[in-house]
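Reader: Please go through the terms used to describe this structure and explain how each one is justified.
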Amino acid sequence: MSECHSCTHFKKPGMSRGYCSVREDLPRAYGIAHPLRKLPPDNGQNCSAYIENPAMWIGVRTTPSGNG
Ligand code: SF4
């Protein structure tokens, strides 16, 4: 399931709670010239622009097949 915090388009500058960097339908974070957008109310659960951030794969362990 998609959500903003695991999306490659999620940006978190400074002490902010995070923003979207691609969806132009969302309101701008800090005025008309700012490139980042406020996160959607559903936190990206139905977002067609979602792409999983590869950094989320860190810590995922795999076992060779056949070794249980
Ligand atoms: S709104 Fe969509 S594209 Fe933007 S950060 Fe959330 S899931 Fe990613």
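Author: Helices and strands here are DSSP runs, at least four residues long for a helix and at least two for a strand, numbered from the N terminus. The model is a predicted one.

Reader: How many helices and strands does the protein have?
Author: There are zero helices and two strands. Strand E1 covers 10-11, and strand E2 covers 19-20.

Reader: Where is Asn43 found, and what is unusual about its phi?
Author: Asn43 is in the segment after E2. Most residues other than glycine have a negative phi. Asn43 is not a glycine, yet its phi is positive, about 55°.

Reader: Why is Asn43 called partly exposed?
Author: A residue is buried with 20 or more other C-beta atoms within 10 Å of its own, exposed with 12 or fewer, and partly exposed in between. Asn43 has 13 other C-beta atoms within 10 Å, and is therefore partly exposed.

Reader: What makes Met56 count as exposed or buried?
Author: Met56 has 12 C-beta neighbours inside 10 Å, and 12 or fewer is the condition for exposed, so Met56 counts as exposed. This residue also lies in the segment after strand E2. Met56 and His5 are 51 residues apart along the chain, and their C-alpha atoms are separated by 9.5 Å.

Reader: On what grounds is Pro13 classed, and where is it found?
Author: Pro13 is in the loop between E1 and E2. With 9 C-beta neighbours inside 10 Å, Pro13 meets the condition of 12 or fewer and therefore counts as exposed. The C-alpha atoms of Pro13 and Leu36 are separated by 9.8 Å, with their positions 23 residues apart along the chain.

Reader: Why are Thr8 and Val22 not called buried?
Author: Buried requires 20 or more other C-beta atoms within 10 Å. Thr8 has 15, so it is partly exposed. Val22 has 17, so it is partly exposed as well. Thr8 precedes strand E1, whereas Val22 is in the segment after E2. From C-alpha to C-alpha, Val22 and Thr8 are 10.0 Å apart in space, and they are 14 residues apart in sequence.

Reader: How do you know which residues Thr8, Val22 and Cys7 touch?
Author: The test is that two C-beta atoms lie within 7 Å. Leaving aside residues up to four places away in sequence, Thr8 touches Ile51, Glu52 and Asn53. On the same basis, Val22 touches His9 and Ala49, and Cys7 touches Ser2, Gly44, Tyr50, Ile51, Glu52 and Asn53. The C-alpha atoms of Thr8 and Pro54, 46 residues apart along the chain, are separated by 7.5 Å. Over the protein, 42% of the contacts with a separation of 6 or more are between residues 24 or more positions apart.

Reader: What makes the set containing Cys4 and Cys7 a nonpolar core?
Author: Such a core is a set of buried residues of the listed nonpolar types, Leu, Tyr and Cys among them, joined through C-beta atoms within 7 Å. The largest one consists of eight residues: Cys4, Cys7, Tyr19, Cys20, Leu36, Leu39, Cys47 and Tyr50. Of the 68 residues of the protein, 13% count as buried.

Reader: Which residues are closest to the ligand, and how does its shell divide?
Author: The ligand is surrounded by 14 residues, the closest being Cys4, Cys7, Cys20, Gly44 and Cys47. The shell divides into ten nonpolar residues, three polar and one charged. Cys counts as nonpolar and Gly as polar, so Cys4 and Gly44 fall into separate groups.

Notes
Residues are numbered from 1 along each chain as its sequence is written. This is a predicted model: local features need pLDDT of at least 70, side-chain atom pairs count only at pLDDT 80 or more; totals for chains, interfaces and linings use all residues. A residue is near a molecule or strand if its C-beta atom, placed from the backbone, lies within 6 Å of it.
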